[in-house]
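Okay, thanks for squeezing me in. Let me put the structure up and then we'll walk through it together.

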Amino acid sequence: MTKKTVTAQYPDVQPELPPRSRGVIGLFEENCTVCMLCARECPDWCIYIDSHKETVPAAAPGGRERSRNVLDRFAIDFSLCMYCGICIEVCPFDALFWSPEFEYAETDILELTHERDKLREWMWTVPEPPALDPAAEEPKEIAAARKTADKLEAARQAEQTEQAAQAEQAARAEQPQQPPKSQQPQQPQQPEQNRPEGDA
């Protein structure tokens, strides 16, 4: 009652949405392992996933082959979705994200089923995560990644040092070795000729 009524000039003026607005769901396909958690936990059963298995050859000789799931279809029917966010919360590999985009109305209800290509396009509208508190503890994932990177860097430097030592040793081996001064043949000294005393 103490503020003046303001009419929102939408769609000419876009509204200022809060940072965690629930608009549409984006799919980061590379992180999806087809674990089916999102589809099983969805209360509306609006997520459709199809996949097949492929055999991965052994990484090392003597190892055994492994099988992995390959994603064929990932679709969300937004005409059924109630935007609860359970699928995003239960995803263990961060493959689903909220986007603040909400302008995706269609004249045909069938067009509200977004396939994985369309869900991938929504990923470009997902905002950056908010910055962490400077006094907060470093995430375990980043700490583990930094530890692994430090180990790899130390191994690389050790390998470079070893290669430099081997190169220096090879260069020394190629140089002709000179005998010590004690073993070098001494040149015979020339006898001094006696000069006449009067020639001084």
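One cut-off before anything else: I'll call a residue exposed when its relative accessible area is over 50%, buried when it is under 20%, and partly exposed in between. Glu30 sits at 53% relative accessibility, so Glu30 counts as exposed. Keep that one in mind, since we'll come back to its partner. And please remember throughout that this is a predicted model.

So, the overall layout. We've got four helices and five strands, and reading along the sequence the pattern goes β-α-β-β-α-β-β-α-α. The protein has 200 residues, and buried ones make up 18% of them. The accessible surface comes to about 17000 Å², with 52% of that belonging to carbon and sulfur atoms. As for how the chain folds back on itself: if you take contacts with a separation of 6 or more, 72% of them are between residues 24 or more positions apart.

Now to the inside. Which residues have the most contacts within the largest nonpolar core? That core has 26 residues, and the ones with the most contacts inside it are Ile25, Ile47, Ile49, Phe74, Ile76, Phe78 and Leu96. Who contributes? Strand 1, helix 1, strand 2, strand 3, helix 2, strand 4 and helix 3 each supply at least two residues of this core. Let me zoom in on Ile76. Setting aside neighbours within four places in sequence, Ile76 is in contact with Ile25, Cys46, Ile47, Leu112, Thr113, His114 and Leu119. Two of those names, Ile25 and Ile47, you just heard in the core list.

Next stop, Ser99, which is in strand 4, residues 96-99. Is Ser99 buried or exposed? Its relative accessible area is 0%, so Ser99 is buried. Again leaving out neighbours within four places, the contacts of Ser99 are Ser21, Arg22, Gly23, Val24, Trp122, Thr125 and Val126.

For a contrast, have a look at Val56 in strand 2, which covers residues 47-56. Val56 has 30% relative accessibility, so that one is partly exposed. The C-alpha atoms of Val56 and Ser67 are separated by 5.6 Å, although the two are eleven residues apart along the chain. Beyond residues up to four places away in sequence, Val56 touches Glu65, Arg66 and Arg68.

Okay, charges. Side chains of opposite charge can pair when their charged atoms come close. How many salt bridges does a search of the whole structure find? Eight. I'll show you three of them.

Start with Arg116 and Glu29, where the closest N and O atoms are 2.9 Å apart. Arg116 lies in helix 3 and Glu29 in the loop between strand 1 and helix 1, so this pair ties together parts that are 87 residues apart in sequence. Arg116 is partly exposed at 23% relative accessibility, and Glu29 is partly exposed as well, at 27%.

Then there's our friend Glu30, which forms a salt bridge with Arg120, with the closest N and O atoms 2.9 Å apart. This pair also links distant parts of the chain: Glu30 is in the loop between strand 1 and helix 1, Arg120 is in helix 3, and they are 90 residues apart. Glu30 is the exposed one we began with, while Arg120 is partly exposed at 23%.

The last pair is a local one. Arg156 and Glu153 meet in a salt bridge at 2.4 Å, N to O. Both lie in helix 4, residues 140-174, three residues apart, about one turn of the helix. Arg156 is partly exposed at 38%, and so is Glu153 at 33%.

Finally, cysteines. A disulfide is a covalent bond between the sulfur atoms of two cysteines. How many disulfides does the count come to here? Zero. Why not Cys84? The closest cysteine sulfur to that of Cys84 is in Cys42, 6.2 Å away, which is too far for a bond. Cys91 tells a similar story: the closest cysteine sulfur is in Cys35, 6.1 Å away, too far for a bond again. Cys84 is partly exposed, at 27%, whereas Cys91 is buried, at 15%.

That's my tour. Happy to spin the model around if anybody wants another look.

Methods. Residues numbered from 1 in each chain as written. Predicted model: local features only at pLDDT ≥ 70, side-chain atom pairs only at ≥ 80, totals over all residues. Heavy atoms only, no water. Buried < 20%, exposed > 50% of the residue type's maximum accessible area, 1.4 Å probe, protein only. Contact = heavy atoms within 4.5 Å. Areas by Shrake-Rupley, 256 points an atom, 1.4 Å probe, with all protein chains shown as cover. Salt bridge = Lys/Arg side-chain N within 4 Å of Asp/Glu carboxyl O. Disulfide = S-S within 2.5 Å. Core = buried A, V, L, I, M, F, W, Y, C linked by side-chain atoms within 4.5 Å.
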